[in-house]
Amino acid sequence: MADGLTLRLDDLEVRRDLEQLVRRADNPEAAFHAIGAYMVTATQRRFERETGPDGQPWQRLSPRTAAKRIGSRRRGYENILRVKARLYSSLAYEASADQVAIGTNVAYAAAQHLGAEIQMPAREQDINLSIGKGRRRFVRASSKRKETRRVSVGEHVIRIPARPYLGVDETDQAEIRRIVEDHYRGEAR
């Protein structure tokens, strides 16, 4: 995985178990692969529950964002960060003989995890409106019956709230300990 956001596990018991695994095990990489596979699944479950590793629910989508999603396969306020499942399905792990890393190569991952403010400059652009009876609606540029207007959009800030998904909760810590113990038992046979 590329350089980027790094989170470290600070649970002393789990870290002690992992350090002991590296020192004493014949093949610690197998245990790190099991831990990585588990953590990818646990992180994907957080996406499905729309909660962070601390158990706090993610901030709800803004009404404007939810309204844009009404025509898509998954509607409105549901499935935060999962309409196209790009971030969800890109989660992966890398394991070696002394560590495991869980993350993603998606460019916007850190902005979703930590939150971000994006400064948008003022600009002009064309919009296409339908021609005919009734309400005017936005239409595609390729539409035959349309009116094109040039509009100015002022400078503004887009705020993306933090929706943390990477991390280790108490359940994960217990499972990591269980994986390490199972690995020791398997090597003892």
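1. A polar contact is a pair of N or O atoms within 3.5 Å. In this predicted model, the side chain of aspartate 169 comes to 2.8 Å from the backbone nitrogen of aspartate 172. The same side chain also reaches the backbone nitrogen of threonine 171, at 3.1 Å.

2. Aspartate 169 sits in the loop between strand 6 (156–160) and helix 6 (170–188). Its relative accessible area is 17%, and since buried means under 20%, aspartate 169 is classed as buried. Leaving aside residues up to four places away in sequence, aspartate 169 touches Arg46 and Pro53.

3. Arg46 is also listed among the buried residues of helix 2, together with others including Phe32, Ile35, Met39, Val40 and Phe47. Helix 2 covers residues 28–49, 22 residues in total. From first to last C-alpha, helix 2 spans 31 Å, close to the 32 Å expected at 1.5 Å a residue.

4. Glutamate 50 follows just after helix 2 and has a positive phi of about 55°. Anyone checking backbone angles will find two further entries in the loop between helix 3 and helix 4, namely leucine 81 and alanine 85.

5. Leucine 81 is not a glycine, yet its phi is positive, about 65°. The helices on either side of its loop are helix 3 (63–68) and helix 4 (86–90).

6. Alanine 85 likewise has a positive phi, near 60°, in a residue other than glycine. Is alanine 85 buried or partly exposed? Its relative accessibility is 22%, and buried requires under 20%, so alanine 85 counts as partly exposed.

Key: Residues are numbered from 1 along each chain as its sequence is written. This is a predicted model: local features need pLDDT of at least 70, side-chain atom pairs count only at pLDDT 80 or more; totals for chains, interfaces and linings use all residues. Side-chain values use heavy atoms; hydrogens and water are left out. Helices (H or I, at least four residues) and strands (E, at least two) are DSSP runs, numbered from the N terminus. Buried means under 20% relative accessible area, exposed over 50%, partly exposed in between (1.4 Å probe, protein chains only). The expected span of a helix is 1.5 Å times one less than its number of residues. A polar contact is a pair of N or O atoms within 3.5 Å; within protein, one must be able to donate a hydrogen and the other to accept it, and residues adjacent in sequence count only if both atoms are side-chain atoms. Contact means heavy atoms within 4.5 Å.
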